[in-house]
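Visitor: I would like a close look at a single part of this model, with the cut-offs behind each term stated as you go. Please take the sheet and the helix that packs on it, and follow the pairing from strand to strand.

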Amino acid sequence: MDVAEIVAREFGLGPVLDWTRATAGVMNLNWRLVTERGTYAVKLQRDGTPEQIRAVHGVLAQLDFRVPLPLPAPDGDTLLRVGDDWYSVFPWLPGTHPREGGLDLDACAAFGDMVGRMHLALARLCPPAPPTIMDVPAAGDELREYAELGPGDEFDLLAREQIAWRLDLLAELGEQRPAPGPVGPAGWTHGDLQPYNLLAENGRVTGVLDWDRLGVRTYGLEVVRTATITFSTGDQGAVDLARVAAFALAYRVHIKVSDAELADAAHRRWWVLATDPWPLDRHYRDGDTTCDHLFGRRGRALRWWTGHRAEVIAALTHR
């Protein structure tokens with residue numbers, strides 16, 4: 001018996017009509033399951049222990065937003081173990097992932113308002129979070145481990161070019177490494193608000209998916225990361241700063257993040273793009289090529305951002 005039939009049987013979903021891998025995401029394993037009783041999303045849970053995942057499911061059940069609520073099996077558990085793996089099942093929610101430029105300025109503001117209210121709700125529902133968290137920015141030494149790559153395929157050529165450029169950038173701007181220490185304000189955040197984890201209808205964000213990374217971070221990081229990824233404008237890594245401004249202004253109605261804190265969060269996010277080797281680690285250390293495209297995308301974003309740092313901060317702080 002395959003996984004689809006086991007899941008359908010254990011959750012009482014009826015005979016299986018279709019079982020298709022969902023390919024829109026990047027790092028998650030999800031399937032679209034169609035049975036005689038309806039359409040469902042099935043998720044292979046790999047980003048936490050069963051206890052952690054059940055805790056997240058408990059929070060989702062209390063949120064006043066459109067989020068995927070896990071279905072309980074007859075024994076009440078929202079997780080099903082099949083071999084060494086754990087699966088969750090959710091109703092298939094309506095909507096599509098927002099496309100580039102698909103949210104107008106009013107929709108960007110409405111999205112910022114949603115994220116602000118979401119953070120307030122998480123603060124009420126989750127254990128108390130510390131007001132600040134420690135951040136120790138990397139020095140970029142990890143990139144040097146890959147600097148001597150030999151001849152290879154197209155990815156190797158891209159990696160060599162990108163690493164050389166980043167090391168030159170760090171040599172020029174290394175004194176701007178963010179200072180290690182406590183940063184804030186911190187609180188419970190989604191952790192990966194980007195188009196593949198959003199659902200939109202009629203030009204508005206209406207749902208938030210994939211809560212596996214729910215955790216304590218700085219609010220500024222969630223704002224900066226969400227805005228610069230969601231409002232990216234194409235292959236050159238540029239960001240629509242008017243949309244960033246609308247999003248950030250609406251968010252700050254609910255969560256008080258100062259101009260200085262947002263500027264610091266933007267600086268730290270830019271530094272992460274310059275120094276973080278995780279796509280290289282996945283490719284060369286783990287033999288996983290599924291995120292190769294993200295290395296080039298992050299490189300283009302870094303190049304654009306490096307030339308527009310002041311403008312990004314101005315948009316975030318609405319100056």
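**The sheet and its helix**

Guide: Helix α2 (residues 50–60) lies across two strands, β3 (38–45) and β5 (85–91), and runs at about 10° to β5. Here contact means heavy atoms within 4.5 Å, axes are lines fitted to C-alpha atoms, for helices over the stretch in contact, and angles run from 0 to 180 degrees between N-to-C directions. Helices (H or I, at least four residues) and strands (E, at least two) are DSSP runs, numbered from the N terminus. This is a predicted model, in which local features need pLDDT of at least 70 and side-chain atom pairs count only at pLDDT 80 or more, while totals for chains, interfaces and linings use all residues. Residues are numbered from 1 along each chain as its sequence is written, and side-chain values use heavy atoms, with hydrogens and water left out.

The two strands under α2 belong to an open sheet of five strands, whose order is β1-β2-β3-β5-β4 and whose pairing is antiparallel; two strands pair if DSSP finds at least two bridges between them. The edges of the sheet are β1 (16–22) and β4 (80–82), and because each has a single partner strand, one side of each is left without a neighbour in the sheet. On average, and with direction ignored, neighbouring strands are turned by 30° against each other.

Starting from the edge at β1, six bridges join this strand to β2 (residues 29–35), and the two run antiparallel. Within that pairing, R21 stands opposite W31 of β2.

Between β3 and β5, the two strands that α2 lies across, there are also bridges: six of them join the antiparallel pair. One point of reference is Q45, whose bridge partner in β5 is W86.

At the other edge, β4 is joined to β5 by three bridges, with the strands again running antiparallel. L80 has Y87 of β5 as its bridge partner, and the hairpin that β4 and β5 form has two residues between the strands, with G83 taking a positive phi near 65°. Strand β5 therefore carries three bridges to β4 and six to β3, and it stands between these two in the sheet order β1-β2-β3-β5-β4.
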